[in-house]
Amino acid sequence: MSAEPILTQDVIGLTKPAPVSRRGFMTASAAVAAGYTLAAGPVRADVIKTDTSGLTVGDARIKVADGEMPGYFARPAGVNNPPVVLVAMEIFGVHEYIKDVTRRLAKLGAFAVAPDYYFRKGDLTKITDTPQLVQLVNAKPDAELLGDLDSTVAWAKSQGGDTSRLGIVGFCRGGRTVWEYAAHSTALKAGVAFYGAPLDPPNPLWPKSPMQLAPDMKAPVLGLYGEADTGISVASVEAFKAALAANNKTAEFKIYPGAPHGFHADYRASYRKEAAEDGWKQMQAWLKKYGVIG
């Protein structure tokens, strides 16, 4: 008998979205052809598409402790020593949305890399059953996750990236990853967490939630959250903000009125254009302020 997956704050926010009309969405076959995952639900027809002009993009093979981890990268063509920005995915794998975000960061001058750190569990983009997906990603030990991110940084450096200007941007579960990595890495210059859960349910593989790691934060992080997120309450964000302030950590938060969980995910019904565009501007300003991008 398989146990019910533990519902985390981010998954609750994903699975209890605002009701939406199906008009303006791709068919499932078109969504798959375009490289999107079906587990995330209906895919909007007018998704953002970032071209590769002026970029070098491709698949990465990143050496990790137990083999090779796949990933996707995008970097400005012909630029020496670009800054490195890690892209931490949602629970849906490195699908087209995450790849597009990676290209958007490359257009800002970054060598952006999205590591597929769930690869040991298979290709998450091919899984359509959300409860199965949740069980797989909840079984990822934090220690292994942080090691995979360190390996990604080492790979980017070996490819000519300037890891003295290291940033990380993450969405949903990847937002939590940003907070966790900021408490782990001494090399990180800045992070931006889009709706990353501050609190975890009990999980022996995740020793400390971001809230518990407040005293250990080593890099400044910007947290971007939706006021109408059904999983991550404004109260929990405010409590996290207070815990970071109490520990004299550099962090800023912006809560978007009326925005649900996943407001930046332009392929999903949760997308809110105004909040998404402002969040992206805030992200750029934060990464510039702390010397990641120029």
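Let me start with the side chain of Arg75, where a polar atom lies 2.8 Å from the backbone oxygen of Gln159, and I should say at once that this is a predicted model. Arg75 is found in strand 2, and although Arg75 is buried, it has no salt bridge, the nearest side chain of opposite charge being that of Asp162, 11 Å away. What, then, is Arg75 in contact with, if we leave aside its neighbours within four places in sequence? The list includes Gly54, Leu55 and Thr56, then Pro82, and further along Ala106, Ala110 and Phe111, together with Gln159 and Gly160.

One of those contacts, Ala106, is among the buried residues of helix 3, and that brings me to this helix, which runs over residues 96-107. Helix 3 is mostly covered, with 10 of its 12 residues buried, and the elements that cover them include strands 1, 2, 3, 4 and 5 as well as helix 8. Its end C-alpha atoms are 16 Å apart, which agrees with the 16 Å that 12 residues should span at 1.5 Å a residue. Just after helix 3, Gly109 takes a positive phi of about 105 degrees.

Turning to helix 8, its 17 residues should span 24 Å, and the end C-alpha atoms are indeed 24 Å apart. Which residues of helix 8 are buried? They are Ala275, Ala276, Gly279, Trp280, Met283, Gln284, Trp286 and Leu287. Their cover includes helix 3, along with strands 5, 6, 7 and 8. On the general point, residues three or four places apart point the same way because an α-helix has 3.6 residues a turn. Finally, Gly291, just after helix 8, takes a positive phi of about 75 degrees.

Notes: Residues numbered from 1 in each chain as written. Predicted model: local features only at pLDDT ≥ 70, side-chain atom pairs only at ≥ 80, totals over all residues. Heavy atoms only, no water. Helix = DSSP H or I, 4+ residues; strand = E, 2+ residues; numbered from the N terminus. Expected span 1.5 Å × (residues − 1). Buried < 20%, exposed > 50% of the residue type's maximum accessible area, 1.4 Å probe, protein only. Contact = heavy atoms within 4.5 Å. Lys, Arg positive; Asp, Glu negative; His and termini not counted. Salt bridge = Lys/Arg side-chain N within 4 Å of Asp/Glu carboxyl O. Polar contact = N/O pair within 3.5 Å; in protein donor to acceptor, adjacent residues only side chain to side chain.
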